[in-house]
Amino acid sequence: MKRSTTVPITALAPVSWGTTYAVTTVFLPPDRPLFTALLRALPAGLLLLALTRVLPRGGWWWRSAVLGALNIGAFFPLLFVSAYRLPGGMAAVVGSVQPLFVVGLSALLLGQRPARRTLGTGVAAALGVSLVVLQGTGTLDVVGVLAAVAATASMAAGTVLTKRWGRPDGVGPLALTGWQLTAGGLLIAPLALLAEGAPPALDARAAGGYLYLALANTAVAYWLWFRGIGRLTATQVAFLGPLSPLTAAVVGWAALGQALTPVQVAGMALAFGATLAGQLGGGRNQPFSSTEKNARKDSMDLMDLRLRR
């Protein structure tokens with residue numbers, strides 16, 4: 001498929017994630033973030049496993065566990081902790097620097113030397129998101145800030161490692177998505193049980209909300225995301241991330257009656273422009289020299305060997 005089509009299709013993933021706040025607020029029981037994370041990940045993963053009927057083989061067992069932990073199992077709980085402990089949209093602001101994390105990790109793991117334009121675009125995207133979601137001031141919780149940074153770093157590392165490791169021969173992105181969602185969901189399950197106890201009773205409204213989150217918001221969205229990682233550079237995919245808080249702001253305005261100020265509109269324009277610029281410049285990161293690339297490859301091969309042991 002052409003890159004011109006791959007980019008907007010991949011962008012549907014963060015757009016879908018941007019509806020999570022509205023769905024959670026309107027349809028789901030309050031104060032059950034880990035249970036919500038569990039129902040997003042595990043049923044979707046098991047469904048994809050049933051559809052593809054493909055299980056990991058060899059080293060892909062531990063690779064799937066690592067990717068599932070980074071992209072799902074650690075990311076979801078850390079994200080909810082930061083959202084509950086930080087004021088306003090601070091968690092989204094910290095998350096908006098993910099392209100810069102990806103740029104740094106791509107240099108380390110993929111041998112891509114970032115261009116100045118890419119770094120500037122990443123800063124512009126974070127600034128634009130800040131103008132959209134950051135309202136007022138408040139005392140910043142240290143645990144919340146650390147959780148937000150860890151969540152951002154976890155997703156960034158998962159994105160770059162997904163790009164580095166690719167997929168086994170004959171395995172499509174749907175199966176890879178199922179492996180990661182299942183692994184991540186199994187990691188979240190004991191945390192949800194210990195922290196929140198037994199699952200709450202669900203009415204038809206809540207069941208519909210969880211069904212949407214599990215299918216469209218997670219199974220389909222993460223499949224599109226990992227599919228995009230396989231066809232675009234890691235940096236290009238990361239620069240689609242700011243579409244999530246932008247979508248949340250638009251949905252809040254259109255469906256929940258939340259006002260948008262001129263400053264927020266300007267921030268949306270800036271962040272969206274940075275997202276577009278990230279697609280134009282994301283594939284132009286300069287490669288390292290062959291000596292540098294070989295040194296990094298040897299280092300990662302050694303890391304892979306240690307993890308297998």
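Is Phe-27 buried, partly exposed or exposed? I looked this up first, keeping in mind that the model is predicted. Phe-27 comes out as partly exposed, since its relative accessibility is 35%, and partly exposed covers the range between 20% and 50%.

**Entry: around Phe-27**

I placed Phe-27 in helix H2. I then asked which residues form a nonpolar patch on the surface with Phe-27. My list reads Tyr-21, Val-26 and Leu-256, along with Phe-27 itself. Together these residues offer about 340 Å² of accessible area.

**Entry: Thr-20**

I stayed with helix H2, which runs over residues 20-27, and went to Thr-20. Buried or exposed? I noted a relative accessible area of 12% for Thr-20, so this residue counts as buried, the limit being under 20%.

Next I wanted to know what Thr-20 touches once residues up to four places away in sequence are left out. I wrote down Arg-40, Leu-213 and Asn-217. With Asn-217 there is also a polar contact: the side chains of Thr-20 and Asn-217 are joined at 3.1 Å.

**Entry: salt bridges**

How many salt bridges does a search of the whole structure find? I got one. Its partners are Glu-196 and Arg-32, whose side chains meet at 3.4 Å, N to O. I checked where the two sit: Glu-196 belongs to helix H10 (residues 173-196), while Arg-32 lies in the loop between H2 and helix H3 (33-52). The pair is 164 residues apart, so I filed it as a link between distant parts of the chain.

I also looked at how covered each partner is. Glu-196 has a relative accessible area of 19% and therefore counts as buried. That value sits just inside the cut-off, because buried means under 20%. Arg-32, at 14%, is buried too.

**Entry: the whole chain**

I finished with the overall numbers. My tally of secondary structure for the protein chain is 15 helices and two strands. The chain has 309 residues, and 48% of them count as buried. For the accessible surface I have about 14400 Å², with 67% of that belonging to carbon and sulfur atoms.

One last lookup was about sequence separation. Taking contacts in the protein chain with a separation of 6 or more, I found that 91% are between residues 24 or more positions apart. The salt bridge I logged above, Glu-196 with Arg-32, spans 164 residues.

Definitions and conventions: Residues are numbered from 1 along each chain as its sequence is written. This is a predicted model: local features need pLDDT of at least 70, side-chain atom pairs count only at pLDDT 80 or more; totals for chains, interfaces and linings use all residues. Side-chain values use heavy atoms; hydrogens and water are left out. Helices (H or I, at least four residues) and strands (E, at least two) are DSSP runs, numbered from the N terminus. Buried means under 20% relative accessible area, exposed over 50%, partly exposed in between (1.4 Å probe, protein chains only). A polar contact is a pair of N or O atoms within 3.5 Å; within protein, one must be able to donate a hydrogen and the other to accept it, and residues adjacent in sequence count only if both atoms are side-chain atoms. Contact means heavy atoms within 4.5 Å. A salt bridge is a side-chain nitrogen of Lys or Arg within 4 Å of a carboxyl oxygen of Asp or Glu. Patches are made of residues with over 30% relative accessible area and no salt bridge: like charges are joined within 9 Å, nonpolar side chains (Val, Leu, Ile, Met, Phe, Trp, Tyr) within 5 Å. Accessible areas come from the Shrake-Rupley method with a 1.4 Å probe; for residues, only the protein chains shown count as cover.
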